[in-house]
Protein chains: 2
Amino acid sequence: MNFNSKMKDIKNYEAGKPIELVVREFGIEPKDIIKLASNENPNGCSKKVQDGVSKIISKMALYPDDSMIALKSALSKRFDVGVSNVIIGSGSDQVIEFLIHAKANSESKILMNSITFAMYEIYAKHVGAEILRTSSQEHDLDEFYKIYKEEKPSIIFLCTPNNPTGDAIEATKLFEFLKKIDSDTLVVVDGAYMEYALVKDSSKEVKPKDLVEEFDNVIYLGTFSKAYGLGGMRVGYGVADAKIIKELYKLRPPFNITTLSLEAATIALGDEEFVNKSVVNNFNEMKRYEEFAKEQKIDIINSYTNFVTLCLNPNQISSVIADLLLKKGMIVRDLSSYGMNAIRVTVGTQEQNSRFFELASEIL
Amino acid sequence: MNFNSKMKDIKNYEAGKPIELVVREFGIEPKDIIKLASNENPNGCSKKVQDGVSKIISKMALYPDDSMIALKSALSKRFDVGVSNVIIGSGSDQVIEFLIHAKANSESKILMNSITFAMYEIYAKHVGAEILRTSSQEHDLDEFYKIYKEEKPSIIFLCTPNNPTGDAIEATKLFEFLKKIDSDTLVVVDGAYMEYALVKDSSKEVKPKDLVEEFDNVIYLGTFSKAYGLGGMRVGYGVADAKIIKELYKLRPPFNITTLSLEAATIALGDEEFVNKSVVNNFNEMKRYEEFAKEQKIDIINSYTNFVTLCLNPNQISSVIADLLLKKGMIVRDLSSYGMNAIRVTVGTQEQNSRFFELASEIL
């Protein structure tokens, strides 16, 4: 059977065995496996959320309220924007999917940072768009502007703080950049880790309200997967001018998040204490990673997120190091596929991090 | 901002207020509102599923196992097919989305029944494909074949049992039809309500295994939203030749179902008792609808699903009837948008159905 020609350019994602199963093959007990690879919240999720979801567990048979009015209202209050400025996705991933399908096609160009969140490229390939990348590791907005002027991309992705490197753009510089972009280019400001960044350094904080008030071509993305501790529930959102949201809504499938996810996210938004505690714990523990890097004489990128990126020395091959850690039950992310000799480690609990330092000291 | 030209042909879905809120505006207490509009399982979901999900509620922070090996293995055992013949979607809707994006584009034609599941058309419009429909209310496979020969569609959708009418295709006739279709046309056999049909009349049963063994251009769709009582958890699946599944996998976003949904569906598949009980209850209660229709001298379509379609008499306008029921707290589906003067009513619990008969008797 023949498929669309664009399908040839999409690589097949081979979902292998769960990594926990692989580790068990090395004779390691499940209780001894530590996963610091997916930037999940090591504090789990809010007790209030768990209690709230438990109460409606018998409602799994019922479709969610497709207007999502409770969650959209809560987000609109949180960000001081209108309900018509908000769209909910199955993770912010799905909002990325909507906006690429709405704005780009096989004639389009999409501009993104040299190293950034992998889903931008994956969805861009779904529509056969051409992918343009800057050359510098951190977001260099001058380089972005230069390429923008030359190539006129349909969409520009800015990820701040950036994944998988952890660095963040100064908010004032971001706004200066946005002012220079014409209104027919859609700019995406992906703030998946913003809850961490704004606590560490308020100069990095980008407020969705400011974007919506000033620009009709910019969308802010957020997620419940990180600071809110709901990675497994798949809830993200976009905040933008109502005209953009209305277009994206055309591509939203009905019931795109589950009944339990809707409840979980709505309650999570009301438990600021949990988020604050998660962020404070995160940066306290991150200091230990900074000390560890200093001791080991390896570079660590100044991170505004819940992970650290350890840039290894030339004699330490990241894929080898990640593999050696794996064999000891410690799962981290090797960044060699991003062209970096580095590993990305989620900042875990105190105990998990201690174990990482112990194992990594033996290996590095 | 300009969007893709195809977006102009996609109607905006205005998610209004939840219908329960609308009903409350008529002064009706939440406890008195009965929703028989979405074909949810009136028995809720399996107690085993509820217990199993409750046990992992603290894991909401963790991404699901993206290999989905437990659920895929369980489905492969259930249907006696390989794991490589199975793909999981966020509802079978998402598998429909994958296959339309993989196979069709703005040059394609997609053939479906005159009256059928609305998502086929919605996703077809996302790629700008031309939609072809038969003229008869029930699936007329001779007419399907005639249009297929003339128009050479890329995809043919067959929904059996069909939604929103409830009728089903004879399995032998379906296989005769499939044998006449060339291998470059993708045929979708949507069996969302098959668990009901096969109990009522085994001649309607289409087994995924038989399709996979005989055809490399046919995909079977199933869901956990109906007989398995997990409408709110968004889990569906496709079963097909491994080559088709491999292509669809290219379009599957990572983590497309939630951690709790994965657990719920896996446990649900093991609780056959719950499904059997749901189906038996359904057809017992359906007899009461058949009697009611006879008493009221209105037509009822012989249904192989968990809903009934009541074809009203010309002096009974379906939109008016549905509205009058709504004002009394009874939510059903008016089918006038499908060009039918009919209402679709989910077969509810004994008590819910009694209330429907009571209210409908007053109105009809």
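How many residues of chain B are in contact with chain A? In this predicted model, 75 residues of chain B are in contact with 75 residues of chain A.

## The interface of chain B and chain A

The area buried between chain B and chain A is about 6100 Å², and carbon and sulfur atoms account for 60% of this area. Within chain B, the residues that lose the most area to chain A are Met1(B), Met60(B) and Tyr63(B); together they make up 13% of what that side buries.

The polar component of the interface of chain B and chain A consists of 30 residue pairs in polar contact, both residues being at pLDDT 80 or more, while the rule finds zero salt bridges there. Five elements of chain B give two or more residues to the side that touches chain A: α2 (47-55), α4 (92-103), α5 (118-126), α10 (242-251) and α11 (259-270). The largest share of that side comes from α10(B), with six residues.

## The annotated lysine of chain A

According to the UniProt record, an unreviewed entry, Lys226(A) carries the annotation "modified residue: N6-(pyridoxal phosphate)lysine". Lys226(A) is located in the loop between β7 (218-223) and β8 (236-240) of chain A. Is this residue buried or exposed? Lys226(A) has a relative accessible area of 7%, and it counts as buried because that value is under the 20% cut-off.

Neighbours within four places in sequence left aside, Lys226(A) is in contact with residues of chain A and with one of chain B. From chain A these are Ser38(A), Asn39(A), Asn41(A), Ala192(A), Tyr193(A) and Tyr196(A); from chain B the contact is Tyr63(B). Tyr63(B) is also one of the residues of chain B that lose the most area to chain A.

## Domains of chain A

The domain assignment divides chain A into domain 1 (5-45 + 273-363) and domain 2 (47-271). The C-alpha centres of domain 1 and domain 2 of chain A lie 24 Å apart, and their contact takes 29 residues from domain 1 and 31 residues from domain 2. Between them, domain 1 and domain 2 of chain A bury about 2600 Å², with 62% of it on carbon and sulfur atoms. On the domain 1 side, Cys45(A), Tyr304(A) and Tyr338(A) lose the most area to domain 2, together 28% of what that side buries.

Between domain 1 and domain 2 of chain A there are 16 residue pairs in polar contact, both at pLDDT 80 or more, and the rule finds zero salt bridges across this interface. On the side of domain 1 of chain A that touches domain 2, α12 (272-296) and β10 (307-311) each supply at least two residues. The most is given by α12(A), with nine residues. A further record, the unreviewed UniProt annotation "domain: Aminotransferase class I/classII large", covers residues 31-356 of chain A. Over residues 31-356, chain A is 42% helix and 16% strand, and the end C-alpha atoms are 15 Å apart.

## Strands β7 and β8 of chain B

Thr223(B) is found in strand β7 (residues 218-223) of chain B, and Gly236(B) in strand β8 (residues 236-240) of chain B. Thr223(B) has a relative accessible area of 5% and is buried; Gly236(B), at 0%, is likewise buried. A polar atom of the Thr223(B) side chain lies 3.0 Å from the backbone nitrogen of Ser225(B).

With neighbours up to four places away in sequence left out, Thr223(B) is in contact with Gly236(B), and also with Ser92(B), Ala192(B), Glu195(B), Tyr228(B), Val235(B) and Tyr237(B). On the same basis, Gly236(B) touches Thr223(B), as well as Ile87(B), Ile88(B), Gly89(B), Gly91(B), Ser92(B) and Gly222(B). Gly236(B) and Leu158(B) are 78 residues apart in sequence and 17 Å apart in space, C-alpha to C-alpha.

## A buried loop valine of chain B

Val206(B) is found in the loop between α8 (194-200) and α9 (208-214) of chain B. Its relative accessibility is 2%, so Val206(B) counts as buried. Leaving aside neighbours within four places in sequence, Val206(B) has contacts with Ala171(B), Leu174(B), Phe175(B), Val189(B), Met194(B), Leu211(B) and Tyr220(B). Val206(B) and Thr172(B) are 34 residues apart in sequence, and their C-alpha atoms are 8.8 Å apart in space.

Key:
Residues are numbered from 1 along each chain as its sequence is written. Chains are lettered from A and ligands numbered from 1 in the order in which they are written. This is a predicted model: local features need pLDDT of at least 70, side-chain atom pairs count only at pLDDT 80 or more; totals for chains, interfaces and linings use all residues. Side-chain values use heavy atoms; hydrogens and water are left out. UniProt positions are given in the numbering used here, feature names are shortened, and annotations may be inferred rather than shown by experiment. Helices (H or I, at least four residues) and strands (E, at least two) are DSSP runs, numbered from the N terminus. Buried means under 20% relative accessible area, exposed over 50%, partly exposed in between (1.4 Å probe, protein chains only). Contact means heavy atoms within 4.5 Å. Domain bounds come from an automatic or database domain assignment. Buried area is the accessible area (1.4 Å probe) that two parts lose on being put together, summed over both. A salt bridge is a side-chain nitrogen of Lys or Arg within 4 Å of a carboxyl oxygen of Asp or Glu. A polar contact is a pair of N or O atoms within 3.5 Å; within protein, one must be able to donate a hydrogen and the other to accept it, and residues adjacent in sequence count only if both atoms are side-chain atoms.
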